Amino acid sequence: MSNTKKKKKAVSVPVQAIIIIAVIALAVGLFIGLIILHFAQKNKIKEEPGAASPVVTSVADGEPADYAESGNITIGKYKGVSAQVTPDEEEIQSAMQEKAESKKLQKKLENDNRIQKGDYVFIDYEGYVDGVSNEDLRAEDACLQIGKYEYVEDFENGLIGKEIGKTHTVTVHFDASYDDELVAGKKVSFSIDVLGKFDDAYAKEASGGKYKTVNEYKQYLKKKLKKENQETVDEIAWSEMIDTCEVEEYPEDLVKAAQQDLEGQYRNFAKVSGSSYEDLLASLNMDEETVKETAEETVRDRMVAKTIAKRENLTLTDEQYKKYLMETMEYTEKDNMSLEALISEYKRDYGGRPKDDMLVEVVKDFVGYHAKQK
């Protein structure tokens, strides 16, 4: 007998089986890879809520889309927005001042050009401490009623008897206990330009004899301004609401298109006015950066409008579309403009997304309708 151990017989695997196993392994690996990629992308979106959705970015002109859902923006309360329609004292005084600056009215009042106690006056002033001007003691178009002493008593009394339309110097001695360290215990010299005044004579002339006192005229203006504000409550409510919205990330293509539209408008205007594009921007206190910021504001408004329209199922019919376009471009029915002609003109003069801009108007109306007026 041989001492050699008997070898085990080798097991042979058919080639077809090897191929089948390899294919199955590859398929399983691919499936697992897709699952991992899916969750990785999902986690990435959660980690980066500002990432813009490519689908939302390319939304058609006038088509609603929820940009808040995609993470581009956050939107605050848009139903029941508080809208201030009752004018405050500053708004009333501004309306009085605008009327007072009328040359026709000034001519009628030119014989009564000295300040009396009880008169409302609007002034520019600048204060000097130890001969040095100070920014905190400077104001333009300030309005005060002489003798009401909302300002320092010596300041107001120093204007009594002074002429309208001239510059006067009034010296005020501040007590050492005065609560502003800048002027406490010091003598301050104020240079005051008296721009105009509102007195009973002004009220009578400004109202065509209907109101005999300033207070009567102010009450009339208050009612008039409130009515005007109620007619534009959509703009007031939109302004309040838009301040609560925050853009996380702008779709670059939309900003770029809006910026090109704005630049086109400014270049056309510069050409018509006979100036360069750069000079026009300078005259408007703008530069390329502020043009981009304005474009971003336009895109923000469109994104907010599209989102609210999507959530509230708001639509823009052809009839509404034409109405808003006509109002925007100041046409009437007599002009007999077709919708196609209006769209073409809007795109030429204002920009390439007219339906988005008109959708903004639809949403403004919606926000204004649901606003709480106060």
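Counting salt bridges in this predicted model gives 19 in total. Side chains of opposite charge can pair when their charged atoms come close. A good one to find on screen is the bridge between Arg311 and Asp66, where the closest N and O atoms are 3.2 Å apart. Arg311 and Asp66 are 245 residues apart, so this is a link between distant parts of the chain.

**Salt bridges**

- Arg311 belongs to helix 12, which covers residues 288-312, while Asp66 sits in the loop between helix 2 (54-57) and helix 3 (67-70).
- The two partners differ in how much of them can be reached: Arg311 is partly exposed because its relative accessibility is 41%, and Asp66 counts as buried because its relative accessible area is 15%, with the cut-off for buried set at under 20%.
- Arg300 and Asp301 also join their side chains in a salt bridge, with an N to O distance of 2.9 Å.
- Both Arg300 and Asp301 are buried.
- Another salt bridge brings together the side chains of Arg348 and Asp349, again with 2.9 Å from N to O.
- Here, Arg348 is exposed, with 58% relative accessible area, whereas Asp349 is partly exposed at 32%.
- Salt bridges can also form a network, and Arg114, Glu163 and Lys166 are linked in this way.

**A negative patch on the surface**

- Which residues form a negative surface patch? They are Glu278, Asp279, Asp287, Glu288, Glu289, Glu293 and Glu297.
- Helix 11 (277-283) and helix 12 each provide at least two residues of the patch.
- Helix 12 gives the most, with 4 residues.
- Glu297 is a member of the patch and is located in helix 12.
- With a relative accessible area of 44%, Glu297 counts as partly exposed; patch residues need over 30%, so Glu297 passes that cut-off.

**A pair of strands**

- Strand 3 (residues 120-129) and strand 4 (residues 132-145) run antiparallel to each other and are paired over 8 bridges.
- If you would like to trace one of these pairings, look for Glu126, whose bridge partner in strand 4 is Arg138.
- The hairpin made by strand 3 and strand 4 has 2 residues between the strands, and Asp130 in this hairpin has a positive phi near 55 degrees.

**Backbone angles to look out for**

- Most residues other than glycine have a negative phi, and most peptide bonds are trans.
- Asp141 has a positive phi, near 55 degrees, and is not a glycine.
- Asp141 is found in strand 4 and is partly exposed, at 44% relative accessibility.
- Asn285, also not a glycine, has a positive phi of about 55 degrees.
- Where does Asn285 lie? Its place is in the loop between helix 11 and helix 12.
- Is Asn285 buried or exposed? Asn285 is exposed, because its relative accessible area is 72% and the cut-off for exposed is over 50%.

**A lysine in a loop**

- Lys210 is found in the loop between helix 7 (200-206) and helix 8 (214-231).
- Lys210 counts as exposed, with 60% relative accessibility.
- Lys210 and Tyr220 are 10 residues apart along the chain, and 10.0 Å separates their C-alpha atoms.

Methods. Residues numbered from 1 in each chain as written. Predicted model: local features only at pLDDT ≥ 70, side-chain atom pairs only at ≥ 80, totals over all residues. Heavy atoms only, no water. Salt bridge = Lys/Arg side-chain N within 4 Å of Asp/Glu carboxyl O. Buried < 20%, exposed > 50% of the residue type's maximum accessible area, 1.4 Å probe, protein only. Patch = residues over 30% accessible without salt bridge, like charges linked within 9 Å, V, L, I, M, F, W, Y side chains within 5 Å. Areas by Shrake-Rupley, 256 points an atom, 1.4 Å probe, with all protein chains shown as cover. Lys, Arg positive; Asp, Glu negative; His and termini not counted. Charge placed at Lys NZ, Arg CZ, Asp CG, Glu CD. Pairing = 2+ DSSP bridges.
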